[in-house]
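Reader: Please take one chain of this complex and look closely at how its surface meets a neighbouring chain and how its interior is packed. I would like the cut-offs behind each term stated as you go.

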Amino acid sequence: METGAVRLQALRKTFGDLVAVQSLDLDIPEGGFFSLIGPSGCGKTTTLRMVAGLEHPDSGTIEVGGEDITRRPPYRRPVNTVFQSYALFPHLDVADNVAFGLIEERRPKAEIRERVAEMLALVQLTGRERSKPSQLSGGQQQRVALARALVKHPKVLLLDEPLGALDLKLRKELQGQLKAVQRRVGITFMYVTHDQEEAFSMSDRVAVMHEGRLEQVGTPEDVYRQPATLFTADFVGASNRTEAAVKQALGEGRYTLKSGSGYDVRARGPEGLATGAAVTLIVRPESLRLGDEGWPATITDVSYVGPAKHLELETQELGRLRATVGGGEPAAVGDRVNVSWPAEAAWIVGER
Amino acid sequence: MRLRRHWFSGLIALAVIVFLWAPLVIVAINSVNSDTLLVSWKGFTTHWYSQAAHNGTVQSGVKQTMTIALGSTAISLVLAVTGALWWRRASPRARRTFDGLTYLRIMLPEVVFAVALFLLFSKIQFPLGTTAVVIGHVVWNSAYATLIIQARVATLDPALEDAASDLGANPWRVFRRVTLPGLLPGIVAAGLLAFTFSFDDVVTSYFLTGAGTAPLPVVLLSMIRFRITPEINAIGMLVMLFTVSMFAIGFIAVTQMGRGARKALALPEVRQ
Amino acid sequence: MRYAGRALRSVLALPTLAWMVLFFLVPLGLIVVYSFATISLVTYDISYGWTVSNYRQIHDPLYFDTLTRSIFLSLTATIGCLLLGFPLAYFISRQPARWQRLLLVLVIVPFWSSFIVRTYAMVNLIDNGGPLEDVLHTLHVWSGPLNILYRPKGIALGIVYSYLPLMVLPIYVSLERIDYALIDAAGDLGANSRRTFRRVTLPLAMPGVAVGCIIVGIPALGEYVIPEILGGGKTLMLGNVITDQFLSVGDYPFGSAIAVALMAVMAAALVLARVVQRRAPV
C-alpha cells in the first residue's frame, strides 16, 4: 500500500443505542482529494474522528500506509486534523499555534522557524506571526488551522467541514485555495462535508454516506451521472423519476424499459439487470431539451436564477417534469413546448 | 439614579449602606484617636499603628497567618483542579456525589469541622499546630476553590484538547500546554479567594492551633476578649485594607475571567 | 484527557476523595460515635457505648435554652436580613447599569474586610453611649440606654450585619433578570404598579429569597465569633456551648452530642426549605 493510502475495514461505532457507523469498508487512494459526503448524522464526521483517533471504533481496523493504527492514540498517528471550529489555541499567537506540533516532535528551533515560515507562506499569512487568533478573520483562522496541521507533514490530512462557518464568497475562494494546496503538497486529503457542490468542486473521488452506511464511492461525475441508489441520486442533485420495468437488455448496460404509463424508453444502467426487473428511471433536469420533437408539455412555472431557468412542466404522458435550461432561453409560463432528452441521459437506478 | 420613583426602597437602601459602613468608619477613626478610652475625640495620632507594628505577638501572628494561608491555598488549588478535571468526564451519579460533598462543606458551620478534626487529632495523637490548621482549612477552603474552577472548566473548549492531542501531545502535555493556561484565570481567582478566607479565619484556627503560634485572627480574638486597647483598631484597619485589596484583585480576576472566557470561545467570524 | 483511559482519569478524583474521607467524613463519624460515649470528668477516661445520656442532657434547660435561642436568633437574623436586604436589592436592580455596579461594590466591600474586625466594630457601634444610641436619640426613636450589647438582641444585629450581603446578592441576581421595561410599559404608575409588584416582581424574586434565606439562616445557626464577641463571654449560641465543652470543660461526648444536634437542626431546616421551594409556584 502506498504511504498515504487509507483503508477502513469493517469499521463500526455505536453511541449507546445509536449506530453511527455500520461496518464500513472504504479504500482511499494515496495523494488525492477525497470527500466523504452525506446529510447530518450520517456518520461521516464520526468516521473521520475515528481515523484521527478521537473516537474509538467498536470493531474494525484502520490502516494508513499499510500500518494498522486502530489501537494508537491520536498523538501517535501519522494523520492531522483541521477542525470545524478551527480550535486555534487562544493563548498562543499564530506562529506558536503552527509550531505546536513541531514542538511536540522536539524539532530544533531553527528547523521549526523555517517550517513555520514555509507553511505560513503557503497559506498566504506571512507577516501575521505575532497575531492572536482572536484578531484574525474567520478565513484567516481557517488558514492557520490548515498550516498547523500541514506543517507536521502528515500522511493524511483530515478536514472536518472546515468552511462551514464562512459566507458563500469566502467559501468558494477557500475551496479553490484548498484544492491548490492539496495539489501543491500532494498528500491525501480526506474531507468531510454535507455540501455536495463543495465536495464535487474540489474532489477527485467522493463517498456518499447515509445512516452509517456507504451508499456509493466514485468520481464526482460517476456519482452524479450514474448514482447507484435513489438516496445518492437525490442527495447529489435533483431528478425526474418514474417507475419502470426492464423490457429488454441490449447489452453493455443499455436497456429498453417499459415505463409505468406504458411507454417504451431507452436508458443506460448498471449491467446485469434481469428482464422484468422493477427499477426507477431518472433524468436530470438539465438533460431535458425543449424543441420541436418530444413529448408535448405546458410550462407551469419558471424560476429565473441568472445563469439558468428552472422550469416546471406538465405533460399528459409523463406527468410533471422539472427542467433546467439556459437563462437566455425563451420560456414563459403557459408556453407549449416539446420535451425530449438524449438516451444517454436516462439512467436506471437498480432498485425500487 | 432613579430616586423619585423608588423613594421607599431608596431610603432603606441608604440606611442599610450607612449601617454597613458605619462600624468600619468608626474603627478607622478610632485607629487614629489619641483617646485611650475611646470615649471622645482627642486628636490625631499614629501611636496605635506603631504600637501594633512593634507588637511581637502581632508580628508572629501575621507570619503564621501567611504561612497557613499559603499552605492551605496551594493544597486547595491542587484538590480543586484535579477534582474539577475529573468531574468533567464523570458519570452523572459520581458527579452528584461529588457536588453533594462540595455543597455540604460550604453549608456546614465551621465549628462542626473544627470540632470533628479536633477529635480526630486528639484520638490519633496528631499534634495540633500549623500543619493541623492547614489541614483543617483545606477541608472547607477547597470547596470554594472547586466551585470557581469547575465554573472555569465548563468554559474550556474540548476541541482545543482534541487539537493538541491530534498534533502529538500526550495527555500530560495537553494538560500543561493547553488546559492549564486555559484554567489560569480561574486558578488565580480561586487562589486569591482561598487565601483571603484562610487569612481571615477564626474558628478552625482557634481549635487546631493548640499551644503553637497563634495566627493573627486568633490573636485579635484574645485581644478583644481580654482587654479593649485601641491598638486593635489599628491592627483591624491594616488587616481590613489587606483583605479588601486581596478580595478586590480576586474579584477583578473573576470578572475578567468572564471576558476571557468569551474571547476564548470566540467562534470564527462569519463575515470578513 | 480523554485519551488517558478511565483508570488514569479516576486518579484525578483521588486527592479530593482521600482528603475528604480522612479529614471530613471520618471526623464527622467520630463526632457521632463520641456523642454516644461517656467521659469521667475526673480521669478524662472515655468509655464508648451507646448511651443517650448526652442527648438527654441537652434537654436540661440550660442547654435547651441555648438550642432554642440559636434557632430563634438565626430566624430573627434571617428575617432581619430579608427586611433590610430585599428593598436594597430591589432598589439596586432598578438603577441603570452604571449605578448598579457602584451600589453593589458599596454592599460587597464591607463584606471583604476582616470578619473579626467587622464584628469588633459592631461593639463600638452598639455600645451604650455609642454612635447608634446617639443617632436613635437624635431621631427621637429611642430614649435611655440602648442595652443591646452583650445581649441576644445585639447578637442578632451582629449576625444581620455580617450576613446581609449574602441575602442581598441572590435576591439582586433574581431581580436583575426581570425586564422592567416590559412591566413599566404594560402598566402605568399608581395603584397598578403595586399590583404588578405583588404579582410579578415578588414571585420572580422568590428563588433569590430562598437562596438568601438558606445561606444566611443555616450557617448562622452555628455562629461562634459573633456571639462570642457580642455576647460578652456568655455561651449564648450552640457554637459557643460546643467550643466551651471541648476546650474548657473537656466533655467531648457531650460537646459531640450538641454538635450532632446542631447538624440535625441544620438538616431539618434544609428539608423544610426544600419542601417550601417545591410548594411555591415557580
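Author: What follows treats chain C, beginning with confidence and then turning to its contacts and core. This is a predicted model, in which local features need pLDDT of at least 70 and side-chain atom pairs count only at pLDDT 80 or more, while totals for chains, interfaces and linings use all residues. Residues are numbered from 1 along each chain as its sequence is written, and chains are lettered from A in the order in which they are written.

Chain C averages a pLDDT (the predictor's confidence in each residue, from 0 to 100) of 84, and 92% of the residues score at least 70. Among its elements (helices being DSSP runs of H or I with at least four residues, numbered from the N terminus), H3(C) has the highest mean pLDDT, 91, and helix H8 (residues 180-186) of chain C the lowest, 68. For the complex, the predictor gives an ipTM of 0.85 and a pTM of 0.84.

With contact taken as C-beta atoms, placed from the backbone, lying within 7 Å, 60 residues of chain C are in contact with 60 residues of chain B. H1(C) supplies the largest share of that side of chain C, 15 residues, and the side divides into 48 nonpolar, nine polar and three charged residues; here Ala, Val, Leu, Ile, Met, Phe, Trp, Tyr, Cys and Pro count as nonpolar, Asp, Glu, Lys and Arg as charged, and the others, Gly among them, as polar.

Turning to the interior, Val160(C) touches Ala77(C), Gly80(C), Cys81(C) and Leu84(C), leaving aside residues up to four places away in sequence.

Definitions and conventions. Contact = placed C-beta atoms within 7 Å. Helix = DSSP H or I, 4+ residues; strand = E, 2+ residues; numbered from the N terminus.
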